[in-house]
Structures are given as C-alpha cells and as structure tokens.
Amino acid sequence: MNVNQHTPMASPYGQPQPGYAQPGYAPLDGGYPAPYAPYNGPASAYQSGVPPQGYSPFTSFPSKAVAVNPVSDLSSPLDLGQARGPPTSAPPPVSAPQQYNQYSHSQGDMQNGPPPMTQAPPRPAAAQSYNQGHMNMTGPHPSYPQHYGPPPTMQQVTSQMTGMQITSGPPTPAGPGYAPPHSSQPPISTYSAPPQPSYTQAPPPASSAPTQPPPPGVPAASQQYYGVPPLPSQQPFDSSRPPTSQQQFTSSAPPPPSQQTFPPSSFSGPPTRPQAAPVSQPQPPFSAAPPSLSSAPPPGSQPGFAGGPPPIAQGSFPPQLTPPSSQPGSFPPPGPPPTSAASGQYPPMSQPQQPPAAQPSPYHSGPPPPRAQMPPTSMGQSNHLPPGPQGPLGQQGPPGPLQQPPVQPGMQTGYPPQQNGAFGQARSPQPGYAGPYPGQPNYGAPAPAPTAAPAPQKRLDPDAIPSPQASDMPAVQKSRHRIDPDAIPSPIQVIEDDKAKSNEPFTTGVRGQAPPLVTTNFQVKDQGNASPRFIRCTAYNMPCTSDMAKQSQVPLAAVIKPLATLPPDEAPPYVVDHGETGPIRCNRCKAYMCPYMQFIEGGRRFQCGFCSCVTEVPPHYFQHLDHTGKRVDCYDRPELSLGSYEYLATVDYCKNNKLPQPPAFIFLIDVSYNAVKSGMVSIICNELKSLLDLLPRQNPEVDSVIRVGFVTYNKVLHFYNVKSTLAQPQMLVVSDVSDMFVPLLDGFLVNVNESRQVIESLLDQIPEMFADTRETETVFGPVIQAGLEALKAADCAGKLFVFHTSLPIAEAPGKLKNREDKKLIGTDKEKTLFQPQVGVYNNLAKECVAQGCCVDLFLFPNQYVDVATLGVVPVSTGGSIYKYTYFQAQTDQERFLNDLRRDVQKQVGFDAVMRVRTSTGIRATDFFGSFYMNNTTDVELAGLDCDKAITVEFKHDDKLSEETGALMQCAVLYTSCSGQRRLRIHNMAVNCCAQLADLYRNCETDTIINYFAKYAFRGVANNPTKAVRDTLVNQCAQILACYRKNCASPSSAGQLILPECMKLLPVYLNCVMKSDVLLPGADVSLDDRAYLKQLIGCMDVAETHVFFYPRLLPVMKLESGSLPVAVRDSEERLSKGGVYLMETGLHLFLWVGASVQQELLLNIFGTPSFSQIDPNMISLPVLDNPFSQRLREVVDSFRAQRSRYMKLMVVKQEDRAELTFRHFLVEDKSASGGASYVDFLCHMHKEIRQLLS
C-alpha cells in the first residue's frame, strides 16, 4: 500500500478526539479559529471509513553533520493520502481479556492520553502476556487496529509495514523492521541491512519511519524529520533504500548528541533498545542494546541525555541498560525509543500501540512499568513508560520485574505488573485514587478498571489524548494518528545537549560565533568581542542585504545588558583613564577606540571600522606597529584587545560641563490606613535601619557617599529634617499638593553615618505616629514631584523608592479613577487599558529623566491600582516595579525584604545615555526596555542597574560584505554610585552571509523569543491582543517557511522541517502567545498584565527563557553535586510518587505527588504523611539530613540567580493551589484557551504549508 496512505494510525487530527475536537485553538480569543480547528487533513481524509493520516511522529533528526542543514520535521497529518482500511479481523471486544498484543490495543488505550471517549476504556488485564502470535510485527505496528486475531499474512504485513509509519514506535527488539518472526518480509531486510553498529552510530530514529523508504530522490539525510516523509509505500522496503529516516541517521554522522535534540523520544531515540536486529536476525533483544547504548545515542534520540546513554527510562528497562541518567520524566526512557514512553502518554503517532492494558493510566505518571522485560520489541510497551519522572526512584523500585531476563527476541512476554509511582509500589488500581483528576493526568494511578474509568479521564490535553478508545470507535477510526510528544523537539534535550558540548571556556575572539545557551554554565574569556552576558544577538550571521532579511523575516536584534553582574571567576571590565584628553574617538562617527580600528601609516593614523574614516592618532597615544600591522602595545591596552571596558569620562561628558555630585536615595512611604494595617510601614522602617549600611559603593572598603532622605504621605506629604545636629527629627507637612515644593533644603538629604541616631529615631517614630490613622486616600503624582524637586535642589541624580498601596484618588495632579472593565478584554478597546489614563505622568517622567531621577515603585495593592498608569514614571526612568498583591506580613515579608535589600544594594548608574553605533550597512532602528527617548538615537536612562536589559533591533540601510562582517558598539555614559562619570563600551562583531542557509545555521532562539515577547507586549498598547498574536504566528511561519523553501532538501509537504537551531521556536513562541499578557485567564487582573508587560520589557535572555519555559526539576533524584536533569513542562511528565521543584523566575513551586514515599516526605517536610504537609508553608523546614540540606541549597541557588526573590509555594497534588502550578505547565493546553505544544506545532505546520502553497 502506499505509504502515503497510512494505515490507520493513531488518531489523526480530525476526529473527535477529546482534545482536539474542540478546536484547540479556538479559545484564543477566537483567535485562531480556523487554524486551530481540528485538523481535518485533506478533505477526504477524514471520511469515516478512512483513517486519516496524521502526523507521524517520526523523528529522526539528523545531526548537524547532516548535509546542508539539518532539519527536523514532522510528518504532518495532512496530505498523506488515503488511509487504508482497518485490518480485516476485528479486534475482539476490548474487555475480553485477550492476550495482550502489543499492538493490540487500540489507540484508545494508549497511555497516552485520556481516552477520548467518555467511556472508560477497558483495559486488558495487566498481566496479559503479549502474545506473539498476535503481534504481527515486532516492530511498531502499523497502526491498525490491532489484530487480535490471527496474524496477518505475510503479505499483509508487508504492506502494513510499508504503509505504516513506524516511526513512532520504538524499535522493537525485533528490529526496526519489526517483522515478526514469521516474517521474512523484505521490509525487514531493510532494517536488517544496517548492521547494528550502524545503529549505534546514528541510530535511526527508531521511530523514524523506518518503514518508509525515503521519498524517492529525497536526500533524507539532511533533514531532521519530525515525521517521516510519507512516501509511496509501494515499494517494500528494499533493502536498497533504507527507510528514510533511517537513512537519515545512518547516513549522517552520528548526530552529535547535542544536535539532535529531538525528543528522543520521538523515537528517534537511539534505539536505545538496541534496535534489535530485525527480527529476522535472531538476536536477543537486548543483547545488542548495550552497544547501542554505548555509543552516545543520537542526540535526538535520547532526549535529555546529552550524550550519555539514555537513561534507562524510568527504570523500566531491563537491568541491562545503564541506569538512567536523566530524569525519567524528562526524557523518554531511553529504552525503546521512548516513543511514547517517555511521555508515556503518547502513542507514537502512528502506531496504535496501546499501552498494555495494565498500563497505568494514561498519564501515567507512575514509574514506567517495568518494561524491562519487554524486549524493546513492543512498541506498545514502550509507550508505556510512564512519562513520569520516574526517575531514580522509579528505578529504585523493586527489583522484581525489572530484573527479569530479557525476553527473547521474538517472544512476547506477559506484561509485568506495573509499578506505581516513582517509588515502586505495585501499580494496581489504588483505592482512593479514582481517576485522574479531572482533566488531569492521573499521576501514576493505575489504570482504572476498565469499566470504572471515569470519563474525566479524558483529559483534554491534546497532547495526552490517545486516540479514541477502541471500544468506542468504529474500527476504522480506531487507528488514527496522534503526535507523540516525544517525537517533537524537546527543550530539555536541547538544553542538555548544549551543556554537554560546553565544557571549555567560551572565548570571544572568533567573529560570529554563537555562545552557549543561557541555561548552560560556562566561563567567558574576553578576546575582542563583548561577553554574551553583556550582549546576545538573534543571529550571529547577518544577511548581507535587506532583501534577504525581508525574505527570511528573522529579526535582527541584540539584547544588551550594559551593567550585567559577572560571576566571580570573570574579571569586571577594566577602567581606562586617558587623563584630561579623554577617550580616543573617530572624527566622523564618534565611535570609541576599540579592537576594530585599523592602524595605518606606521601607527600615526587609524581607520574606523564603523565608518572607514581616517583619524590622526594623538601624539600621546602613538605606538609603533609590529610586522602584522598591530600596535606593539595592543595587549596592554584593554580598548585594543577586549570587547568590554570602561573609560573614565572627562568634564566634557558631564552635564553643564561640571563634575556630578554623588547621588541620593529618597524613601517615600505611604502611611495611609491600608499601609499601616498590613504591617508594611513598620516592616519598612525596621528594615531601613540595617539597610542604610548596605548602600552601593564603588569600593567595598569605603563608606558609601550616597545621601538619604525620608518622606511619608497619604493625601498630604510629610518631609523630615534629620540633620545630624538635631536631637529629634522634625516633620514639615506640605498640604498644597497641587503645587509641590520641598520645605527644607538643609537637613533633608544627609550622610547616613553622620545622622544615624536621628534617622533611627525617626524610623522608630513613624509607625507609632500613624498607628491610628484613618486616612484611606492617597496621592501619587505629587510624591514623585517632591522627590524630583529635592534632587533638583541638591543638584544631583538619584533614586526614589516609593512604597504605595492604593489607587491615588485624592484631589491632586495625577488623580486616577478605577477603569478596570473586564468587558473590554478581547475587544478593540482593550488596548486603552494598557495606556496611561492621564498625561501628567508622561510629563513627570520626562522631567525625572532630565534630572537623572530614577523611580522604583513597590506596590502593595488590595484592589485595582492602575499599574499601567503608575508604572509610566518607573518604566521611563529605568526603574523597577515590584508588586505584592494582598500583602500579608507573615507570608510576604521575606519576599519584599529580599527584593528591597537587593534593589538598594545593587550596582546602579545614574543619568545615563546609551548609544548603539553600527558599521555601514545596518543601523539601530528600534529599542525595547525601560528608558526614555527624545530622539531616534539616544536611549536616556535616569537610572540603569545591573538587571536591566535593552533589546535593540537593526535594519539594513545598505549592503553588508561577508569579508568585513557587521560591527556594533554600545556606549553607555553614566554616573557611578560614587559620583564618577564613566563610559562603558561593549563591542560586538558578527558575520555576514549571502546564503540563507548560513543565516539559519547561526541563530539563537532564546534571543529571538526575547525580542518577540518585547515586541508583542509593547504592541498590546496599540493593537488588539488577537492581532498581536496573529502577527507573531505569521512571522514565525514565515521564518520557517523561508527555511523550508530555500534551505531544506526537498521532501513531502506532509513534513514539518525546522532548522536545527530554531527547532524550539514553535514551543517557545507558543509560551509567549499563551502568556497572561496576550491571552489572560479569567482570574488574571489587568494590573497583573500591565505589571508583567513592564517587567518583561527589561528582562534579559536568561530571564525571559525561564519565565516562558519554567525549569521543572525532579527533586526525588537530587544528589549532592549536580542537579538532576529537568523534566518537560507537561502534566504527564509528573509522577504521582514524585516531588518536583519548578522555577519561573518570579515563583518557586514545590509540587508533591499524592503517593510519595514516606522516607522522602520525612526528609523534606519532617512528616511521614502526605495529609500532614502544610500547604501554607513559605519556607522548607530546616531538618538535619543531607537531603533537606541539599534541597534548601538548590532553592537558595535558584534565588541567587534571579533578580527578584522567588517565594516558595508548596503545592500538594489535587490541592486548589495546583491550578496555579498547572498554569506554568506550558506544553499543555492552558485554561485560558492557549494551545498545547503539539496542537500549536500542527497549527504552525498548517500555516507554513499555506505560505508555501
């Protein structure tokens, strides 16, 4: 049969699958209706008689080595041709205890997802043995409804094979070919052809569609296929042409581990189980395996494991495999290609395999059933592995079944009993855990008895959806395809592969070299280009022409963090002092001396690398050149040899040509009723006593020169004179808030050490003075005006710390009204809610910037405070906004005080101006972040701290040349905290390319996402959110379609082909689209959205990465030394027996499964019972055991890496707080209607195909 016609496979997208039918995307505000509608494939495809074709998950990803550009693709469901009918023999009713045939279950059973139908899928008994007879093939079976009956005839088999996309299944022991023993089919031979070794080298993805031959003529090798390309199936596999995917792998060098990032699971996994030789060769299934393991699995394949052997999958594998290194959940078990295993849930797309009946519930979170035994053969089995993190624990499970001897290749053994939970309890149904919680995967719960399973099981997460239960669908439909989540690119795999590659320090001397990812720890050696901690680019190969840039649509941008904090093992930028003459600059473009200046005429002149102008070298700076044309003192001068350095600026660089005064910090505290009652006022006053000793300073040995002042306010302002000569502080009240002035000059701004006693007396008195206040109204505009006037009077720059609680409704400039209107959400008027209500604050912001007055705002709201308006001044002045909604002293004090301490102590520059110069051919055209711009080139920042990043977009204004590349120089002029005027310079050179393939080979997805998020979030103030989301999808589709059209080798339209370095673009972009700013849930307030919009506007790449794709660690695998490998952000990766720590950059969650072992609970919480854990705890108990200590160290280290203190929330499985936690499982469908990763990938594929057609 024609391969294109798939055999019926797991469900394709048209049917009523639970998750899909509802158009997954529809909810996007109606945003994507059509696109997200169920995929119905070619029209005919869904007819009921024909099983539609679907995405097959084949994924084999070739390695980078691959020819030209590696691509990854998914074969999409569309356009695969007709499907073939179901096999003739119908399956016996499910309920009967038939033998478990691996394939036999129909999709519905799959673990993968909840059964789509309402009825519970009956599951065969767990123990059934797999009957070989039934299995026709050992390999993944085409997905036909399984036969429960006599084995198909050989012929049938072959045809099946040809048609089937094996891809998804793990290779069976038998071998990819999967022929059952009886088969001598030709197809098999194909597989057999490659000797095992070949697998090892680059194992074909298991799933890759082994069965299909590559489309004729296609150079498969080069691309990564997510799916195999459908091809004509007619040809049996002759050995002559290896299956495509296989071919892909084999032909190419073994993919570097990192490369492949594909979820291994996709089957491309290395065959970890060794793909056994085709059945025909009788090898013991495992025997081969070890070898394959030994070689690094192709990266793709094992997810997660960066180069090591794939983990055992959760314990499931026979002991022979190596223990998993990674987390279980996170990667597919190495074993069989995890096809679905890892995820456990998803059956490979194509195969129907169902999990064995026994399988735990679809989501299984439990440890994977011990699959050890099974020879890899059964795919089905592989599916089984629960995705959960079963990690080590799982492995720990009882040796029992795991240890059984491997089965012989052909044999099917019974399915060993499953184990529950990561801790290895028996997996029988457990009382009390009836089913998964609604909509949720059942964590590890045993599969409900066939009859009992409640409908809810159907979790709607498309990803999890197995195809409809066999029992409830017509036979034909039973076998529809589903995409195996493990067959699509895994962020974890990419992250782990990158960590494995980066063990050397990153040296910046090579132009256009992409740095390690932000998730990798690496050391930087500056050799002429700025460290990636200061500048990261979206593309390290810029297109030479604007036409090429327009065609690719890849944004050309850099994320610059000028004052970034460096790790202790990297030296801060050197300070260069040229005395009174100041820095050497180009006469024409004013670029500063840097490594890109070329000295000529024996060193007497230099040619600018930016504008090519020739400038005389001043006599005091002259130096001879060596035989290479470099100055003899090149390596003694930071500005000639390093990418980042600072110059001491002269008076010419100062405002009004006079050196600046040291800056001042003014604390303005709201003392209205809400502020006093919540405890906020007393907490601040108490903390400030010790905090004033920690003011920033240039030299740690010297006292800080920063002066401080204090103001309290409600609807009037109270200024305090804290002059050192006074015995007691004096209060001066200004009640005329419409014309604000500072009532005292001397004694308002003071040196902390000189006035310490008076300040402490004041801080003790403030809470008492206002303890009985009844004033509930506040002002806000006059408060900022007061701070600004004080700085003007002192003629210095500085920072205002404003602590505010409520909407400023008192009569005064800047008075606001409550305009929160949920009815506007999703309409064209929604954008007005993100615009400031009144113009007063814009004018105030402009004045603050002119004075160098930066404003940091700490909000403690109990209701709407209009963050969009109050945030105008902080955002325009380079300040920060901190928000503590419903502030309660006992639970929020720790977070607030840590944020305040860090905010006061961090290195900050004042009165800053940043300019980005570029070489001829490109120019900076747009800027994103917290700053003010009066013209098109100067970014003005009243304050610039070490956490602020500015994203700069470049456009072509001429052609670039491949020889010279493109240069950029970011110069920031600022006043340091000691009052010194400095210039910080960062230089960056990138390559230029005339070929699109080179552009796509050297991009950084995390930086592209940072740019897209800022671009989109800024856009919501002027456009409806739906239009913003559509723009994002459209641009992403254009980027990928351009690659497909111009760089990928030809292949069927059914495949989704992604560039290697952008294979995560769809998953990350989907996270941006589902964020609260663009697609809010019903419970997300307008203030929260405005707060996030402003917060993300100044984030660097590492922060946006963890914010959009949180880090999820299986704590039960914690060991001293290194962290366990993270797990993908999806519910089905959670095991009921596990404990997971999730970090989003703003929050920390500790999720505790309902059946965690007592020992683990005692180690973490000091209680043996799940029910006794206090969900309201805000910090982990300090217990005297190594595990508790290590977990607390990990939490502390996570907090130390972020600019904001992350409050810890303990989330018990099935507790109410779990809804919040689930919101961050970004690969699943979101409550607000955001698509799951699988759905979005399909939608993206559809968009790309529309563009190409």
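**Strand β31**

I began with strand β31, residues 1147–1152, in this predicted model. I found 5 of its 6 residues buried, so the strand is largely enclosed by the rest of the structure.

Next I looked up what pairs with β31. Strand β30, residues 1139–1143, is joined to β31 by 5 bridges, and the two run antiparallel. Within that pairing I noted glutamate 1143 opposite leucine 1148 of β31. The hairpin of β30 and β31 has 3 residues between the strands. In that hairpin glycine 1145 has a positive phi, near 95°.

I then checked strand β32, residues 1207–1212. It is joined to β31 by 6 bridges, and here the strands run parallel. Leucine 1150 of β31 faces valine 1210 of β32. I have therefore recorded β31 with an antiparallel partner in β30 and a parallel partner in β32, and as a strand with 5 of 6 residues buried.

**Cysteines**

How many disulfides does the model contain? I get a count of 0. I looked at cysteine 544 as a case: the nearest cysteine sulfur belongs to cysteine 992 and is 5.2 Å away. A disulfide needs the two sulfur atoms within 2.5 Å, so this pair does not count.

Is cysteine 544 buried or exposed? Its relative accessible area is 8%, so I entered cysteine 544 as buried. I also looked up cysteine 946, which is buried at 4% relative accessibility.

**Glycine 1097**

I placed glycine 1097 in helix α28, which spans residues 1086–1097. Its relative accessible area is 15%; the cut-off for buried is under 20%, so glycine 1097 is buried.

Which residues does glycine 1097 touch, leaving out those up to four places away in sequence? I listed Phe928, Gly929, Ala949 and Lys1014. I also noted the distance to phenylalanine 1017: C-alpha to C-alpha, glycine 1097 is 7.6 Å from it in space, with their positions 80 residues apart in sequence.

**Residues 583–621**

Last, I went to the annotated segment. The UniProt record, an unreviewed entry, gives residues 583–621 as "domain: Zinc finger Sec23/Sec24-type". I took the name from that record. From the model I noted the secondary structure over residues 583–621: 0% helix and 23% strand. The end C-alpha atoms of this segment are 10 Å apart.

Technical notes:
Residues numbered from 1 in each chain as written. Predicted model: local features only at pLDDT ≥ 70, side-chain atom pairs only at ≥ 80, totals over all residues. Heavy atoms only, no water. Buried < 20%, exposed > 50% of the residue type's maximum accessible area, 1.4 Å probe, protein only. Helix = DSSP H or I, 4+ residues; strand = E, 2+ residues; numbered from the N terminus. Pairing = 2+ DSSP bridges. UniProt positions renumbered as here; feature names shortened; annotations may be inferred. Contact = heavy atoms within 4.5 Å.
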